[in-house]
Amino acid sequence: MYSVSEGKAGRCLRATAFIARGTRLFTFDPRRWQKEKTYQTIQVGPDQHHLPDSDLILLNHSCYPNLIVNTEKGLVYALKDIYPGEELNYFYPSTEWDMSRPFACCCGSPQCLGYVREALWTPLNFLLGQFINRHIVQLIQKNLAEACVFENFIEIK
Ligand SMILES: [Zn+2]
């Protein structure tokens, strides 16, 4: 279904056959997590990071991804129809709140963020158009709730 290949951002996975939308490509156990995050881990909870032991580790980022990584179910599946030769990728801020290594994106999509940082730094309107995992939604809600307390902005005299 795919093979390891060279892409614009180094090693990557590339489709070798047609992959229909909804096809499951990987499974992983999100209960197997560590506290330490690296550029290879996938965040699976507010303070939990999963280190894949499969080709999953080679999935690159795109701002217009063709895969979804669902960290609750431990599933990776096709978000759209994928044709042979296309690089497989997912939207890193959908899993990462605070990334260990931000980078300049070369995904080439019209809506490319340019410089990709974690969800914390991704414009909210961009996140709203993407699949994002529940722990990211929860961290956004928590941060908004803390930011929007009136007393944080001005000292009332
Ligand atoms: Zn991009």
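Tutor: Start with a definition. Two strands count as paired if DSSP finds at least two bridges between them. The model here is predicted.

Student: Which residue is the bridge partner of Arg-24 in strand 8?

Tutor: Arg-24 belongs to strand 3, residues 24-27. Strand 3 runs antiparallel to strand 8, residues 75-78, and 3 bridges join them. The cut-off is at least two bridges, so these strands pair. Opposite Arg-24, the bridge partner in strand 8 is Tyr-77.

Student: Strand 8 also bridges to strand 7. Which residue of strand 8 is the partner of Val-69?

Tutor: Strand 7 and strand 8 run antiparallel, with 4 bridges between them. Strand 7 spans 67-70, and Val-69 has its bridge partner in strand 8. That partner is Val-76.

Student: What phi does Gly-74 have in the turn between strand 7 and strand 8?

Tutor: The two strands form a hairpin, with 4 residues between them. Gly-74 sits in that turn. Its phi is positive, at about 65°.

Student: At the start of the chain, which residue of strand 2 stands opposite Glu-6?

Tutor: Strand 1 covers residues 2-7 and runs antiparallel to strand 2, with 6 bridges joining them. A hairpin connects the two through 2 residues. Across from Glu-6 in strand 2 stands Arg-11.

Student: Now the metal. Which residues are the protein donors of the zinc ion?

Tutor: Each donor atom is an SG, lying 2.3 to 2.4 Å from the zinc ion. In sequence the donor residues follow the spacing C-x41-C-x1-C-x4-C. They are Cys-63, Cys-105, Cys-107 and Cys-112.

Student: Why does the arrangement around the zinc ion count as tetrahedral?

Tutor: Four donors qualify if all angles lie between 85 and 135 degrees. The 4 donor atoms here meet that test, because the angles they subtend are 105 to 113°.

Student: How many residues apart are Cys-63 and Cys-105?

Tutor: Cys-63 is in the loop between strand 6 (60-61) and strand 7. Cys-105 is in the loop between strand 10 (103-104) and strand 11 (115-116). The pair links distant parts of the chain, at a separation of 42 residues.

Student: Is Cys-105 buried or exposed?

Tutor: Buried means under 20% relative accessible area. Cys-63 has 0% relative accessibility, so it counts as buried. Cys-105 has 14%, so it counts as buried.

Student: Which element supplies the largest share of the largest nonpolar core?

Tutor: That core has 32 residues, and Leu-59, Leu-67, Val-76 and Leu-88 have the most contacts inside it. Several elements each supply at least two of its residues, including strand 2, strand 4 and helix 1. The largest share is 3 residues, from helix 2.

Student: Outside the strands, where is Ser-94 found?

Tutor: Ser-94 is buried, with a relative accessible area of 2%. Beyond its neighbours within four places in sequence, it is in contact with Phe-131, Ile-132, Asn-133 and Ile-136. Its place is the loop between strand 9 (89-90) and strand 10.

Student: How far apart in space are Ile-132 and Asn-60?

Tutor: Ile-132 is in the loop between helix 1 and helix 2. Not counting residues up to four places away in sequence, Ile-132 touches Pro-93, Ser-94, Leu-127, Val-137 and Ile-140. Asn-60 is 72 residues away in sequence. C-alpha to C-alpha, Ile-132 and Asn-60 are apart by 16 Å.

How values were computed:
Residues numbered from 1 in each chain as written. Predicted model: local features only at pLDDT ≥ 70, side-chain atom pairs only at ≥ 80, totals over all residues. Heavy atoms only, no water. Donors = N, O, S within 2.8 Å, 3.2 Å for Na, K, Ca; no water. Tetrahedral: all angles 85-135°; square planar, octahedral: opposite > 155°, others 65-115°. Buried < 20%, exposed > 50% of the residue type's maximum accessible area, 1.4 Å probe, protein only. Core = buried A, V, L, I, M, F, W, Y, C linked by side-chain atoms within 4.5 Å. Contact = heavy atoms within 4.5 Å.
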